[in-house]
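User: I am new to this structure and would like a close look at one part of it. Could you walk me through a single helix and what lies around it?

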Amino acid sequence: MPEQLNKVFIDVEVEDSIRNDAAIAAKLEEVCPVDIYKDAGGAVEIVDSNVDECVLCRLCIEASPPGTVHVKKLYDGTELQ
Amino acid sequence: MRFYEYEARKIVELAGVPVTKYGFCTSAEEARKVAEEIGGPVVIKSQVLTGGRMKAGGVKFADTPEEAAQHAEEILKLEINGHMPRGVLVDPKAEVKQEYYAGVVWDGTAKKPLMLFSDMGGIDIEEVAEKHPEHVGKGHVSNLLPVSDFEAKQVVAATGVTGSQLNRATPVLARLARLFRENDMTLAEINPLAELTDGSFVALDAHMEMEAEAVGRQKKLLRKELGIAEDDTRETYEPSDFEKNVGAIDAADHRGVIQGKDHGFTGNLGLVIGAGGGSLTLTDAVRNQGGQPANYSEIGGNPSVAKACGLAKEVLEKDGVEKIAVMMSIVSNTRVDIVARGVIKACLELGKDPGETIAIFRIPGAWEDEGFKILEKYGVEYCDRSVSMWEAAGRAVSKIQGAPA
């Protein structure tokens, strides 16, 4: 029996083009209210255990270039625009 | 919050009610000194937050200070109903002419304090009220207007007490009513209120309980006057593992609030409930429709998914729980989708089918459309605010009892 399931309801992906962008990594860590993004020494890291906490606020999408951050709602197959 | 007898005695004393010259002691030597100061026969009483002291040997009489010390030593080691005494109260053995009862309780129906007086003191007021109702006087007092002696006098006089006894008992009851209101008590009683052979009235024993939510604003009384430490919460029972675990989950995450109680609950329907008094209403709704709750809980203030999940897991892991009902009233601003994620995740992490395990999900409010999408995906029965809390609780009860919903 799994202790903790992650990414049951939400999945978050970032494009390779911003993965190692230090400024965006810092910005994403700053704006996300539920700590899904971590600035790992200038690289964007997704904290899997926090992904299902996503409150669909869109702050990460607004903080990054268009089309580089994808927030997917796994329960209805749609993506946050 | 409950008080030891020595503290209750201090509270009535501070309110101007006459008391005997008593002393609180934590050692036999202190008890001997107090008995010496009193200078006569004394009674030694165990200071425990439980009843049945007399039967358990926690109350003894002594004629000399040496005897008082010996009794105190024995009583200080005596466990009563699982409680070790905090100390002993050494009290003069009063020459009593008659015993009365004076009390003030919170009348939840009238939403006002209710004064009670009886000329048959020293025994349970419930017993007197049942067998000798003509010996119990009653009268409400206002929550706002000052308590007048006249109101207390009417209550005392209703028991047939007249003359000097009426004049002496009246201010005692009036002061008790004032201290009840000023100190946010839910219960304040003096039993027995003794008329001594010299005609004076004194409180021989007192029992006080304060509204738990008022503890924060009664610091002057609690900390300064009574010296009660901030961490002295006076729980009436040892918290269960469920209660401790829920408390730990709540403390570990600042988002939202969860609480869980299972003391006295042995049912099969777990409750994940809350919002604006919703928990009490929903627990009653389940019980009144034949359901057997496994617990009481409160969830609100926008908890995280992890917190909602943690509460639901604790409820689901309780012995005997077959299903959970997730319900709130409509005044909540807690996000429906977040709670839905939490409770579904709890089921999944425990290897249970959310559609089978969650008997009903009724949380109307913020982000409910998003929440409903999640519930539909996992086959969980849900309803919106068009279904009353009563009806939702009834559906959960029907489902767990195997009847058609």
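Analyst: Happy to help; here is a walk along one helix of chain B, followed by a step back to its surroundings.

Please keep in mind that this is a predicted model. The part to look at is helix 12 of chain B, which runs over residues 336-349. With 14 residues at 1.5 Å a residue, helix 12 should span 20 Å, and its end C-alpha atoms are indeed 20 Å apart, so the two values agree.

Next, how covered is this helix? Helix 12 of chain B is mostly covered, with 12 of its 14 residues buried. You can follow the buried residues along the chain, starting with B:Val336, B:Asp337 and B:Ile338, and among the others are B:Arg341, B:Lys345 and B:Cys347. Several elements of chain B help to cover them: the strands include strand 12 (269-274), strand 14 (323-328) and strand 15 (358-362), while the helices include helix 11 (305-316), helix 13 (354-357) and helix 14 (368-377). Just after helix 12, B:Gly351 takes a positive phi of about 75 degrees.

Now for the wider setting. Chain B has 15 helices and 15 strands, and 46% of its 405 residues are buried. Of the contacts in chain B with a separation of 6 or more, 68% are between residues 24 or more positions apart.

Finally, chain B also touches chain A, in a contact that takes 10 residues from chain A and 12 residues from chain B. On the chain A side, six of the residues are nonpolar, one is polar and three are charged.

Note on methods:
Residues numbered from 1 in each chain as written. Chains lettered and ligands numbered in written order. Predicted model: local features only at pLDDT ≥ 70, side-chain atom pairs only at ≥ 80, totals over all residues. Helix = DSSP H or I, 4+ residues; strand = E, 2+ residues; numbered from the N terminus. Expected span 1.5 Å × (residues − 1). Buried ≥ 20, exposed ≤ 12 C-beta atoms within 10 Å, placed from the backbone. Contact = placed C-beta atoms within 7 Å. Nonpolar A, V, L, I, M, F, W, Y, C, P; charged D, E, K, R; others polar.
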